[in-house]
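Q: I have a model open and would like to learn how to read its features. Can you take me through them?

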Amino acid sequence: MKKEPRELKELIDKLERENRLSEDEFETLIRARTPELSAYLFEKARKVRERFYGKKVFIRGLIEFTNHCRNNCYYCGLRRENLGVERYRLSREEILERCSLGYSLGFRTFVLQGGEDPYFSDERLCEIVRGIKASFPDCAVTLSVGERDEESYRRLFEAGADRYLLRHETADEGHYGMLHPPTQSPAERKRCLRALKSIGYQVGCGFMVGSPYQTPRHLARDMVFVQELRPHMVGIGPFIPHHATPFAGEAAGSVELTLFMLALTRLTLPSVLLPATTALATLDPKGREKGLLSGANVVMPNLSPPAVRSKYLLYDNKASTGIESAEAVERLKEVISETGYTVVVDRGDFVPPTPDIEAGRAS
Ligand code: SAH
Ligand code: SF4
């Protein structure tokens, strides 16, 4: 049923008030969105993020420490069957060197991301995590290394890892099957996310916008999944094709819809840590700033050794130089300050919603 602009705004008001909508309501908003409705939503998203985090933007140093992957996700340039990739692994020493550089640049969170690489056994990975925590006790370590068993997640947590990013990619089972080979299951992914949360990690799920075969219904399901899981972080970026994958000929996702999804996420989880992703900055030179103005409050510059950056290509043209690069953090700060926000030297932990802050709603 077609809704009037006023009714759509009322749905956004309801989401702001109750932090919850039905799948149908999310779908209605996604389908019927207009520039005017988006402007209305973005303003609310900024207001909500400022209630919890003021004008602060948190930075995370992203260290892409292995591009070996045993998986074969159809969308990803690092998939096992892509034989055109020159594979690499960073040593513990190389990772610690990058943390050291990152620390001097003002980073207080290091994100270790990689393909699912069996070389990094629990023992090896725990040693790396312990090494970082021993050298930089005031820093948070985030892992993003895919699916592992619960015991492994527990060991890594005990070794000092604070946070874990594992995008659910799509909450719709049928759609998941169109993006992954049958060996990968959405139930397994969700099991991992729940295990991570119960162990005590700050957990991030997330999804791509505009991935092949995605419909507004799927995105609405993603929102309901986010609403139910209540993660601490949500990674949302546009799909971008990679030339050596089964999705080489598919269109990229839209920046405009990605911003809309970021803002809906901010109203659903008011104090969520929400990055303006590299994929967004890859599709639009102003993508990062637009993300921050739509409710995002985190940016993750690339802190990998420059020599490996061109080997960690999840998608084509991935930004890793210029202000995507951690070394250029001073320029990043200037660009961000033009949006009215300020990069801070801070671990940038999740702020749990409390009655006090919630009470700020009325003001
Ligand atoms: N192997 C780990 C971490 C690396 S991939 C994992 O899969 O969790 C990190 C994220 O990159 C994935 O979750 C996916 O959402 C995103 N990604 C992969 N290929 C992409 C593409 N072609 N376009 C946009 N994002 C992509
Ligand atoms: Fe491997 Fe992650 Fe790429 Fe899938 S998305 S192929 S798990 S690196």
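What follows is a short dialogue on the ligands, a sheet and two loop residues.

Q: What should I know about the model and its numbering before we start?
A: This is a predicted model, where local features need pLDDT of at least 70, side-chain atom pairs count only at pLDDT 80 or more, and totals for chains, interfaces and linings use all residues. Residues are numbered from 1 along each chain as its sequence is written, chains are lettered from A and ligands numbered from 1 in the order in which they are written, and side-chain values use heavy atoms, with hydrogens and water left out.

Q: Which residues come nearest to ligand 1?
A: A residue is near a molecule if one of its heavy atoms lies within 4 Å of it. Here 15 residues surround ligand 1, and Tyr75, Gly114, Arg167, Glu169 and Ile240 come nearest. Sorted by class, that shell holds 9 nonpolar, 4 polar and 2 charged residues (Ala, Val, Leu, Ile, Met, Phe, Trp, Tyr, Cys and Pro count as nonpolar, Asp, Glu, Lys and Arg as charged, and the others, Gly among them, as polar).

Q: What is 2.7 Å from a nitrogen atom of ligand 1?
A: Look for polar contacts, meaning pairs of N or O atoms within 3.5 Å. A polar backbone atom of isoleucine 240 is 2.7 Å from a nitrogen of ligand 1. Glycine 114 also uses its backbone, with an N or O atom 3.0 Å from a ligand 1 nitrogen. With arginine 167 it's the side chain: one of its N or O atoms is 2.9 Å from an oxygen of ligand 1. On its own, ligand 1 has 540 Å² of accessible area, and the protein covers 93% of that (Shrake-Rupley method, 1.4 Å probe).

Q: Where does ligand 2 sit?
A: A cavity is a set of points, on a 1 Å grid over the protein atoms alone, where a 1.4 Å probe fits but cannot get out; a molecule sits in it if more than half of its atoms lie within 2 Å of its grid points. Ligand 2 sits in the largest cavity, and ligand 1 sits in the largest cavity too. Around ligand 2 you'll find Cys69, Asn71, Cys73, Tyr75, Cys76, Arg79 and Gly115.

Q: What is the strand order in the open sheet?
A: Strands are DSSP runs of E, at least two residues, numbered from the N terminus, and two of them pair if DSSP finds at least two bridges between them. The order is E8-E1-E9, with parallel pairing. E8 and E9 are the edges, each with a single partner strand, so one side of each has no neighbour in the sheet. E1 (residues 56-59) joins E9 (residues 342-344) through 3 bridges, and E8 (residues 298-299) through 2. Phenylalanine 58 faces valine 344 in E9 and valine 298 in E8.

Q: Which loop holds tyrosine 213?
A: Most residues other than glycine have a negative phi. Tyrosine 213 has a positive one, near 70 degrees, and lies in the loop between strand E6 (202-209) and helix H9 (216-229) (a helix being a DSSP run of H or I, at least four residues). Arginine 230 has a phi near 50 degrees, also positive, and is in the loop between H9 and strand E7 (233-238).

Conventions: A polar contact is a pair of N or O atoms within 3.5 Å; within protein, one must be able to donate a hydrogen and the other to accept it, and residues adjacent in sequence count only if both atoms are side-chain atoms. On a 1 Å grid over the protein atoms alone, a cavity is a set of points where a 1.4 Å probe fits but cannot get out, and a pocket is an open set with protein on both sides within 12 Å along at least five of seven lines; lining residues have an atom within 4 Å of a point.
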